[in-house]
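Subject: Structure handover and notes

Dear colleague,

Here is the structure I promised to pass on to you. Please open it alongside this message, since the notes below are meant to be read with the chain in view.

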Amino acid sequence: MPSRQKPDLPFEQRRNALKICAVAFASGMTGMPAIAQNAKPPVLDVPYVPTPQPVVDKMLQMAKVTKKDLLYDLGCGDGRMVVTAAKKYGARGIGIDIDPKRISDAKANAKKAGVTGRTTFTVGDLFQTDLSDATVVTLYLLNSINRKLRPQLWEQLKVGTRVVSHSFDMGDEWPPEKTEVVDGSTIYYWTITDTQKKAVGK
Ligand SMILES: C[S@@+](CC[C@H](N)C(=O)[O-])C[C@H]1O[C@@H](n2cnc3c(N)ncnc32)[C@H](O)[C@@H]1O
């Protein structure tokens, strides 16, 4: 299972693991652990693979996160992005994940880090989440899911909101303003401008 991978796996292995899991999920080989009887397994658009801490740190640095920010991590996994933003920069953060197991892990990690007052973790579908009060959005999804999410980001986010994605871009229609490579992982950075708002008639 990718969730048991060591975080220091070489980049190619990590990226391939995420892609292989995505293909396995799409073909019904979910490999999900058994869950409580009668509980429906969550339908994941992206399997769980955590972002290595050096990549988390660089993503927050690229977004220039401060205590004034409200950061959303869409598909927050164990909450490391939100917890780090709160602990290191004093930001407020919201983590959304469709898998209740991830949300309970994230809440436990926030408690351990002493940041429960600045963080909120909610079970939910990222495509059903209102993002309009975010000032920073972080992502570690897939190319296909980023492209599906793009209109929602353009429509809901305010001009000036920063968007940072681990490993996956947004397609030719939205080239990144900058990129950085950390331990073999590419990080993509965008800001919402009038151009995106006009493109969705806002
Ligand atoms: C690759 S992991 C990234 C975890 C975390 N953001 C990180 O960078 O360490 C993707 C996460 O998205 C969650 N996920 C998948 N589909 C989702 C959906 N439709 N809505 C919300 N979360 C979803 C998975 O449960 C998983 O935890």
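Which residue of β3 stands opposite G95? In this model, which is predicted, the residue that stands opposite G95 is F121. The two strands concerned, β2 (92-97) and β3 (residues 119-123), run parallel and are joined by five bridges. Between them the chain passes through helix α4 (residues 100-113), and the resulting β-α-β crossover is right-handed.

For orientation, the chain has six helices and seven strands, and along the sequence these elements follow the pattern α-α-β-α-β-α-β-β-α-β-β-β-α. The chain has 202 residues, of which 39% count as buried. Taking the contacts with a separation of 6 or more, 68% are accounted for by residues that lie 24 or more positions apart.

The helix I would look at next is α3 (80-89), which is mostly covered, with seven of its ten residues buried. Those buried residues are R80, M81, V82, V83, T84, A85 and A86, and they pack against α2 (53-62), β1 (70-74), β2, α4, β3 and β4 (136-139). After α3 comes G90, which has a positive phi, near 75°.

The interior can be described in a similar way. As a general point, nonpolar side chains in soluble globular proteins tend to be buried together. Here the largest nonpolar core has 43 residues, and the members that touch the most others are M59, V65, L71, Y72, V82, A85 and V137. It is α3 that gives the most to this core, with five residues. If neighbours within four places in sequence are left aside, M59 is in contact with T138, V164, H166 and I187.

Turning to the ligand, 24 residues surround it, and the closest are D45, T51, G75, G77 and Y140. By class, this shell contains 13 nonpolar, four polar and seven charged residues. Both α3 and β2 supply at least two residues each to the shell around the ligand.

Two single residues may also be worth a look, and the first of them is P42, which lies in the loop between α1 (11-26) and α2. Is P42 buried or partly exposed? It counts as partly exposed because P42 has 15 C-beta neighbours inside 10 Å, whereas 20 or more would be needed for a residue to be buried. Although P42 and I98 are 56 residues apart in sequence, they are 6.4 Å apart in space, C-alpha to C-alpha. Not counting residues up to four places away in sequence, P42 touches I98 and D99.

The other residue is I103, whose place is in helix α4. With 21 C-beta neighbours inside 10 Å, I103 counts as buried. Its contacts, leaving aside neighbours within four places in sequence, are with D97, F121, T122 and V123. For I103 and T122, which are 19 residues apart along the chain, the C-alpha atoms are separated by 6.5 Å. F121, named here among the contacts of I103, is also the residue of β3 that stands opposite G95, which brings these notes back to the opening question.

With best wishes

Technical notes
Residues are numbered from 1 along each chain as its sequence is written. This is a predicted model: local features need pLDDT of at least 70, side-chain atom pairs count only at pLDDT 80 or more; totals for chains, interfaces and linings use all residues. A residue is near a molecule or strand if its C-beta atom, placed from the backbone, lies within 6 Å of it. Helices (H or I, at least four residues) and strands (E, at least two) are DSSP runs, numbered from the N terminus. Ala, Val, Leu, Ile, Met, Phe, Trp, Tyr, Cys and Pro count as nonpolar, Asp, Glu, Lys and Arg as charged, and the others, Gly among them, as polar. A nonpolar core is a set of buried Ala, Val, Leu, Ile, Met, Phe, Trp, Tyr and Cys residues joined through C-beta atoms within 7 Å. A residue is buried if 20 or more other C-beta atoms lie within 10 Å of its own, exposed if 12 or fewer, and partly exposed in between; C-beta atoms are placed from the backbone. Two residues are in contact if their C-beta atoms, placed from the backbone, lie within 7 Å. Two strands pair if DSSP finds at least two bridges between them. A crossover is right-handed if, with the strands pointing away from the viewer, the path from the first strand over the helix to the second runs clockwise.
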